[in-house]
Amino acid sequence: MKGILGKKLGTTQVFTEDGRLIPVTVIEAGPVKVVQKKEKDKDGYEALQMGFDVIRKEKNVTKPMKGHFKKTSSSFYRFIKEIDMEGFNAGDDITVDIFSKGERVSVVGTSKGKGFQGVMKRHNYKGGPGSHGSMFNRAPGSIGSSSYPSRVFKNKALPGHMGDERVTVKNIEIIDVRKEQNILLVKGAVPGATGGYVIIKSASPVPVKES
Amino acid sequence: MNAVKVIEEGYKKEIPPFRVGDTVSVSMKVKEGEKERVQTFAGICIGRKGSGARETFMVRKISYGVGVEKIFPLHSPLIEKIAVVKQGDVRRAKLYYLRGKKGKAAKIKDKSFAEQQ
């Protein structure tokens, strides 16, 4: 597994050499500092804890976090995540060039928050007629049977908070890697708003169909 | 300038200045199997849309009595050349009104002629 942390910068379109126009998301990926290396005998598993997006003012860092960062680096980071990756040690820098053009990745982000939403927007219920005296407009309708089972089943799709959750987009293509600017172009959309943090991991291998 | 803009700048090409209402001839590379050849599409530019590297323009012509419109990405690498055949004098940004018109009614005033008046 390979991975890096980044920030979504926006979307645009890009031409390929053969003239096709493809939609891309621009991600500022890294450089990332390995803040801590989790080890098998000490922590029970292996992973790299990475820090991204430097906090410039020291007063904005809590004391416990300061102590944690001080062990390996001289700066503090806003976005910290662990990735199951090998080949680096604590204090190392990881840059975008771990990825190359044409590779496939999964991107994890936090989707845009939609607030408390009804059943039509949240679960694609059909709703009722808008007019002709109908008073059944956007309501969910019946949510179950009567005396049996005398309860509403778990996971029944009902109104509630929508969005602002972890979303993974799997197996998307890397269109370009620009090392000097630490920029990654991936094909299509990536969850979250512009400016949101994302995790970019190598996509899990696609199962090969046996013929 | 933000990073997205910088990326878009990198894909921009040198484009001859032309405006809506101008008659343009667009030379476009077409791939047919292995062979590549250049195809020209000439007509009136009836609109330009978008900005930066994502800008597109729309060309309308009458081909064998049938109106044909084509939308080109302005900075597409497949476009070899854009030649301005004639400059037109129009008062609108989008010339969609041409769609309902035929023959003389679909004519656009010549710019050089309009300036003399």
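Let's start with A:Lys121, which is partly exposed in this predicted model. Its relative accessible area comes to 42%, and that puts A:Lys121 in between because buried means under 20% and exposed means over 50%. Along chain A, you'll find A:Lys121 in helix 3, which covers residues 119-123. A:Lys121 also has company: together with A:Lys112, A:Lys114 and A:Arg138, it makes up a patch of positive charge on the surface.

Now look for the opposite charge. Chain A carries a negative surface patch too, built from A:Glu39, A:Asp41, A:Glu46, A:Asp84 and A:Glu86. Take A:Asp41 as your way in: this residue sits in helix 1 of chain A, residues 40-43. Is A:Asp41 buried or exposed? With a relative accessibility of 76%, A:Asp41 counts as exposed, because the cut-off for that word is over 50%.

From charges, let's turn to rings. Two aromatic rings can be described by how far apart their centres are and by the angle of their planes. Counting over all chains gives seven aromatic pairs. One of them joins A:Phe69 and A:Tyr77, with 5.8 Å from centre to centre and 70° between the planes. That pair is edge-to-face, because planes over 60 degrees apart get that label. And where A:Asp41 is exposed, A:Phe69 and A:Tyr77 are both buried.

Finally, hop over to chain B. There, B:Phe18, B:Phe41, B:Phe57 and B:Phe72 come together as one aromatic cluster.

Key
Residues numbered from 1 in each chain as written. Chains lettered and ligands numbered in written order. Predicted model: local features only at pLDDT ≥ 70, side-chain atom pairs only at ≥ 80, totals over all residues. Heavy atoms only, no water. Patch = residues over 30% accessible without salt bridge, like charges linked within 9 Å, V, L, I, M, F, W, Y side chains within 5 Å. Areas by Shrake-Rupley, 256 points an atom, 1.4 Å probe, with all protein chains shown as cover. Salt bridge = Lys/Arg side-chain N within 4 Å of Asp/Glu carboxyl O. Lys, Arg positive; Asp, Glu negative; His and termini not counted. Charge placed at Lys NZ, Arg CZ, Asp CG, Glu CD. Helix = DSSP H or I, 4+ residues; strand = E, 2+ residues; numbered from the N terminus. Buried < 20%, exposed > 50% of the residue type's maximum accessible area, 1.4 Å probe, protein only. Phe/Tyr/Trp six-rings, centres within 6.5 Å; stacked < 30°, edge-to-face > 60°.
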